[in-house]
Amino acid sequence: MGTRINAVLFDFGGVLTSSVFTAFEAFGAKLGVDPRLPLRLLAKDEPSGALLVEHEEGRLGQRDFEDGFAERLRAHGADVQGPGLLSLMQTELRPDQAMLDLVAELRNAGHRVGLLSNSLGDDCYAGFDLESMFDAVAISGEIGVRKPSRRAYAIACERLGTEPAETVMVDDLEHNIVAARRAGLAGIVHREAATTAEELRSLLHLDVATETTQAAGAQTARAAQATRADAQPDPRSR
C-alpha cells in the first residue's frame, strides 16, 4: 500500500492568481509589440533567462532585473524603460478567490498546506497574508533556489514538516510538476479551480465539502487576504 498524501504545496502565480501568461501577453500588447514577446524572451532568450534565474534566486535585485530586461525588450522593438517594469508586467494579475477558498478548506480539514513559489519582484505577494494562509512558506528569493530544482521541493517539504511522498504539488507549469514528481512528490497541473479541487479532494480522500466547511474556508481566506485587489505574482517557473 502506497504512502497516503496528507499535505499540499501550492504555487502562487497562475494558481492562486489569474493566469501569468495572460497577464504577460497583455503587457506585451500594451508595449505595441507581439503580445508573446515578453514570455518568449524569458523562455528562449539566453540573456533574459539568465536575468530571470538570478532574480528569482535572490542574486539580482528588482531594479537590476528591470533595467536588464527592459534592455532586452528594447532590443526587440519595445519602447520601455526599467523602473516600474515588473509592476507593469503584473498589472492584470488578480487573486483567484476559488483557489484561496480551497487552501483554507484543506487547512480546516486538518491537512498541512504550504506555498512554494518562484518570486518575481519585491511586491509580488502584496495583498496576501501568506503567514496566516499557510503552515509554511518557501520563496525562491529567500531560500536561494528556484523550481524546478530538486532542492526547492526538499526545502518546502522540510518547512512543512512532511515527507515528499506524503505531499502533492499544485503548479500551473507542467515542467515544475515533472520536477516535483522526480523529487518524490505527487503533482497536479493546475488549469482551473474546480478541476484542481476535485483532484485534491480525491488524493486527500476528502468528501465533497459541506456548505459549513466551504463557508468557514471562504471566511478564513478572505480574512487572511488584504484588501488590495491588485496583488501581483513567474512566467516560466513561478
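## Around Leu-115

Let's start inside. Leaving aside neighbours within four places in sequence, Leu-115 is in contact with Leu-9, Phe-10, Asp-11, Phe-12, Leu-16, Leu-130, Phe-134, Ala-136, Val-137, Ala-138 and Ile-139 (contact means heavy atoms within 4.5 Å). The residue sits in strand E2, and its relative accessibility is 1%, so Leu-115 counts as buried (buried is under 20% relative accessible area, exposed over 50%, and partly exposed in between, using a 1.4 Å probe and protein chains only). Glu-131 comes 16 residues away from Leu-115 in sequence, with 9.7 Å between their C-alpha atoms.

A quick word on ground rules: this is a predicted model, so local features need pLDDT of at least 70 and side-chain atom pairs count only at pLDDT 80 or more, while totals for chains, interfaces and linings use all residues. Residues are numbered from 1 along each chain as its sequence is written, and side-chain values use heavy atoms, with hydrogens and water left out.

## The chain overall

The chain has 238 residues, and 53% of them count as buried. Its secondary structure comes to twelve helices and five strands; these are DSSP runs numbered from the N terminus, helices being H or I with at least four residues and strands E with at least two. The accessible surface adds up to about 10,600 Å², and carbon and sulfur atoms own 47% of that (areas are from the Shrake-Rupley method with a 1.4 Å probe; for residues, only the protein chains shown count as cover).

## Two nonpolar cores

Which residues touch the most other members of the largest nonpolar core? In this set of 28 residues, they are Phe-10, Leu-16, Leu-130, Phe-134 and Leu-200. (A nonpolar core is a set of buried Ala, Val, Leu, Ile, Met, Phe, Trp, Tyr and Cys residues joined through side-chain atoms within 4.5 Å.) Two or more residues apiece come from strands E1 (7-10), E2 (112-117), E3 (136-139) and E4 (167-171), and from helices H6 (97-108), H7 (130-133) and H11 (193-203). H6 gives the largest share, five residues.

Phe-134 is worth clicking on. Beyond its neighbours within four places in sequence, Phe-134 has contacts with Phe-10, Leu-16, Val-103, Arg-107, Val-113, Gly-114 and Leu-115. There's also a second, separate core of 24 residues, with Val-20, Leu-37, Leu-51 and Leu-86 among them.

## How H2, H3 and H4 pack

Helices H2 (residues 37-44) and H3 (residues 46-56) pack at an angle of about 80° with axes 5 Å apart (axes are lines fitted to C-alpha atoms, for helices over the stretch in contact, and angles run from 0 to 180 degrees between N-to-C directions). That makes H2 roughly perpendicular to H3; under 35 degrees counts as roughly parallel, over 145 as roughly antiparallel, 65 to 115 as roughly perpendicular and the rest as oblique. From H2, Leu-41, Leu-42 and Lys-44 meet Glu-46, Ser-48, Gly-49 and Leu-52 of H3. This contact has three nonpolar, two polar and two charged residues (Ala, Val, Leu, Ile, Met, Phe, Trp, Tyr, Cys and Pro are nonpolar; Asp, Glu, Lys and Arg are charged; the others, Gly among them, are polar).

Next, H3 and H4 (residues 62-75) have axes that come within 10 Å and cross at roughly 170°, so these two helices are roughly antiparallel. Pro-47, Ser-48, Leu-51, Leu-52 and His-55 in H3 meet Gln-62, Phe-65, Gly-68, Phe-69 and Arg-72 in H4, a mix of five nonpolar, four polar and one charged. As for H2 and H4, their axes come within 11 Å and cross at roughly 110°, which makes H2 roughly perpendicular to H4. Here Leu-37, Pro-38, Leu-41 and Leu-42 in H2 meet Phe-65, Phe-69, Arg-72 and Leu-73 in H4, giving seven nonpolar, no polar and one charged.

## Loop spots to look at

Most residues other than glycine have a negative phi, and most peptide bonds are trans. Still, the bond from Lys-147 to Pro-148 is cis, with omega near 15°; Pro-148 is in the loop between helix H8 (140-143) and helix H9 (150-160). His-205 isn't a glycine, yet has a positive phi of about 60°.

Is His-205 buried or exposed? With a relative accessible area of 52%, His-205 is exposed, in the loop between H11 and helix H12 (211-224). Gly-127, in the loop between E2 and H7, is buried at 13% relative accessible area. Its C-alpha is 9.1 Å from that of Pro-95, 32 residues apart along the chain.
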